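Biologist: Please display the model. I should then like to go through it by question and answer.

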Amino acid sequence: MDLSFSDEDLAFKAEVREFLETKLPEDVRSYYSRGMHVPKELQVRWQKILHEQGWMAPAWPVEYGGTGWTVTQRYIAAQEFGTMGAPTPMPFGVSMVGPVIYTFGSQEQKDYYLPRILNSEDWWCQGYSEPGSGSDLASLQTKAVRDGDDYIVNGQKIWTSYAQHANMIFCLVRTDSNAKAQEGISFLLIDMNTPGITIKPIYGIDKENTLNEVFFDDVRVPVKNRVGEENKGWTYAKFLLGNERSTIARVAQSKRRVNKLKEIAKTERVDGGLLADDKDFMRKLAQIEVDLMALEYTELRMLSQEAAGKRFTAEPSLLKIKGTEIQQRLTELLVESLGMYGAPYEAMGDYEGRNDTAPGPDYANGPMAEHLYLRAATIYGGTNEIQRNIISKMVLGL
Amino acid sequence: MDFELSDEQTLLKDSVDRFVQENYSPEARLKLTETDLGFSRDHWKTMAELGWLGMPFSEEVGGFGGSPVDTMIMMESMGRGLVLEPFFSTVILGGALVAEAGSEAQVEEIIPTLIEGNLMLAFAYAETQSRFNLNDVETTATKSGDGYVLSGHKIVVYHGDTADKIIVSARTGGESRDEAGISLFVVDRDADGVDIRGYKTVDGQRAADIRFENVKVGANALLGTEGEAFPIIDKVVDRAIAALCAEAVGAMTAANEITNEYLKTRKQFGIPIGKFQVLQHRMVDMYMEAEQSKSMSDMAAMKLCFDDVVEARKAVSATKAQVGKAAKFVGQQAVQLHGGMGMTDEYSIGHYFKRLSTLEMLFGNTDYHLNRFSAAS
């Protein structure tokens with residue numbers, strides 16, 4: 001047991017810091033560290049810089065383009081990204097479909113898709129939920145019927161984040177209606193430009209369009225775009241959700257919010273003093289900080305156990321539950337810290353220059369956007385209630 | 001950076017686990033709590049023979065030079081069985097104060113005998129007005145001839161009625177809450193003017209209120225430099241708090257295992273009660289609290305190895321705040337999930353609840369440490 005960093009670790013930390021100081025575009029940093037959605041063009045520009053550095057997919061096996069970083073190095077990099085306000089790559093390609101492809105995909109799929117994820121040629125979205133299939137995901141009804149070398153896909157997906165930016169979607173579809181719910185599902189990679197696909201935007205409580213409905217009307221998908229075996233898609237889907245859970249704690253991002261709160265508390269005035277002198281407020285912040293430490297060291301302990309050969313079942317669901325609860329409490333407290341300036345709010349599209357000309361102090365521009373958007377955090381990736389079901393079954397054997 | 005045990009540490013853990021398994025069935029423990037002593041001298045001898053009493057002390061005085069991580073491992077395993085012997089009071093608190101503050105002669109006199117199992121210690125620090133504040137000391141030590149005269153009232157001194165020597169914090173200078181002016185003294189239990197009133201505590205252990213009425217001690221009773229004991233107390237107590245947190249982690253883990261098993265076996269409405277989602281989610285919350293407490297306890301033990309006072313304080317107070325919150329939740333919900341069975345003295349779960357409750361309070365409750373963490377950050 002040892003928490004110390006080696007000289008190599010410290011050198012690595014300096015390397016990451018220097019990279020971010022010199023290469024992170026200011027506009028990207030500004031959007032991201034405010035808690036606003038980074039526009040696609042900026043996100044892609046940043047991902048290409050990361051790719052050039054070879055840091056697009058640190059967790060991937062080295063043979064597919066991973067960095068081969070140790071657990072400690074991954075931790076250090078995440079901390080530095082968080083501290084500097086640097087976004088990580090969009091998760092749909094790198095963290096979700098990428099690992100499914102290199103674990104279960106054909107050689108042809110690996111050769112074609114993995115490089116395109118790394119160089120940001122493809123923007124992926126996730127076709128999982130349907131209007132009738134939320135927490136009960138396995139009840140999904142979108143059908144794929146075999147026709148020669150193609151499947152013909154009909155149905156509808158919903159809550160598809162950033163589908164409007166995507167040129168690729170990975171989809172769970174039903175290929176056997178007679179089998180048990182989990183046993184008739186296949187995993188398809190579908191080009192969004194295929195005829196018969198329609199995207200309809202959904203505007204969120206944050207007045208932004210991140211969510212969408214995606215309709216499939218006789219969409220022809222080549223059979224070679226199926227990952228793994230037919231009707232085994234549920235296995236790959238669960239594998240993907242497991243990966244998603246373990247990348248969802250977002251400790252470094254939450255730490256940045258803690259620091260931001262401390263800065264705001266040193267500026268906002270209350271009762272002739274500073275918010276930082278308000279015991280009730282600071283007490284709330286301290287409690288979140290302690291909870292965040294508990295999350296951070298639990299994530300580190302799990303990474304350490306994993307590196308030592310332990311195979312988890314549903315333990316990482318803890319990281320999802322606690323991480324998202326903390327994200328919500330922090331963004332709620334950020335809004336609270338603004339006092340009256342917690343009220344003004346307009347969507348990014350409502351006027352030009354939203355990023356730097358909102359009313360109130362500069363730091364008031366962002367917390368509400370984040371607070372609203374992150375109400376979804378305890379819902380997406382499997383609701384926190386479903387995560388508890390999974391732990392109960394897989395870990396506690398209840 | 002890693003959280004894995006070395007081979008030696010695994011052996012140590014296995015050894016303590018085995019001792020607990022063999023000696024601490026709920027029935028055996030309940031019997032011990034009903035004796036006058038409150039623990040077993042035979043067990044104490046076994047601990048000495050196994051070398052446990054020397055774990056944190058340097059090799060020069062016959063110890064093993066163990067780190068805070070080794071302490072954490074032992075305390076966690078002892079926590080699983082709610083062990084009653086005064087390992088914490090004697091080794092982690094009293095012994096550490098002597099080792100840190102004492103002169104070479106004092107260390108030579110006390111530590112080897114302690115390691116052999118022939119000397120028990122207790123630390124008398126709390127007073128009626130002090131609550132958890134270690135520098136709120138009104139017990140006085142006045143210079144008199146070559147030595148000192150001690151007067152004051154110390155409360156809830158764990159193992160205070162069974163210890164051979166009491167280590168007392170007393171004021172040799174300064175005002176009542178100053179950090180400067182606090183000194184440490186080693187006082188024999190049967191010295192003139194020492195009045196010890198022992199009693200049982202709710203967690204199955206024993207403690208004492210101790211009055212010092214003009215107790216004369218020699219100059220050699222002073223541990224370390226006069227008036228400069230506070231930083232040493234602070235350091236030793238931070239390590240002690242980490243040890244108590246580890247004990248709580250062990251107790252929570254055991255309480256969760258027992259409760260989880262109960263959910264699988266107890267049937268109502270024709271099915272095991274663990275099939276009810278509301279109980280499943282409660283159990284998951286208990287599991288998550290214990291896991292996060294374990295992570296924090298490991299972290300605190302590792303941070304204490306660095307010898308950075310401020311970092312240690314932050315780590316320890318954050319850990320106590322997490323563990324305190326978790327200990328209350330797990331202890332109370334473990335009783336709740338057992339229904340009526342949880343209320344019986346005969347069944348083990350109530351004993352876990354009671355020890356977890358005092359662990360939340362000892363050396364500062366959750367509120368206290370949240371404030372201390374906030375002030376240090």
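Biologist: Into which domains is chain B divided?

Modeller: This is a predicted model, in which local features need pLDDT of at least 70 and side-chain atom pairs count only at pLDDT 80 or more, while totals for chains, interfaces and linings use all residues. Residues are numbered from 1 along each chain as its sequence is written, and chains are lettered from A and ligands numbered from 1 in the order in which they are written. With bounds taken from an automatic or database domain assignment, chain B is divided into domain 1 (7-119), domain 2 (122-228) and domain 3 (231-376).

Biologist: What radius of gyration does chain B have?

Modeller: The C-alpha atoms of chain B fill a box of roughly 80 × 45 × 40 Å along the principal axes, and 53% of its 377 residues count as buried (20 or more other C-beta atoms within 10 Å of the residue's own, against 12 or fewer for exposed and partly exposed in between, with C-beta atoms placed from the backbone). The radius of gyration is taken over C-alpha atoms, and the globule rule is 2.2 Å times the number of residues to the power 0.38. Because a compact globule of 377 residues would have a value near 21 Å, there is agreement with that of chain B, which is 21 Å.

Biologist: What helix and strand percentages does the chain have over residues 6-117 of chain B?

Modeller: A UniProt annotation (unreviewed entry) covers these residues as "domain: Acyl-CoA dehydrogenase/oxidase N-terminal"; its positions follow the numbering used here, its name is shortened, and it may be inferred rather than shown by experiment. Helices (H or I, at least four residues) and strands (E, at least two) are DSSP runs numbered from the N terminus. The end C-alpha atoms of the span are 27 Å apart, and its content is 68% helix and 0% strand.

Biologist: Which element gives the largest share of the side of chain B that touches chain A?

Modeller: Contact requires C-beta atoms, placed from the backbone, to lie within 7 Å, and 31 residues of chain B are in contact with 30 residues of chain A. Two or more residues come from each of helices H7 (230-265), H8 (277-304), H9 (309-338) and H11 (366-376) of chain B. By class there are 16 nonpolar (Ala, Val, Leu, Ile, Met, Phe, Trp, Tyr, Cys, Pro), 9 polar (the others, Gly among them) and 6 charged residues (Asp, Glu, Lys, Arg). The largest share, 14 residues, comes from H8(B).

Biologist: Which residues does Arg283(A) touch?

Modeller: Arg283(A) lies in helix H9 (residues 279-307) of chain A. It counts as partly exposed because it has 14 C-beta neighbours inside 10 Å. Leaving aside residues up to four places away in sequence, Arg283(A) touches Leu370(B) and Ser374(B).

Biologist: Which element supplies the largest share of the side of domain 1 of chain A that touches domain 3 of chain A?

Modeller: Domain 1 of chain A spans 7-89 and domain 3 spans 248-394, with their C-alpha centres 20 Å apart. Here 15 residues of domain 1 of chain A are in contact with 15 residues of domain 3 of chain A. On the domain 1 side, helix H2 (26-34) and helix H4 (71-84) of chain A each supply at least two residues. The largest share, 7 residues, comes from H4(A).

Note on methods
Two residues are in contact if their C-beta atoms, placed from the backbone, lie within 7 Å.
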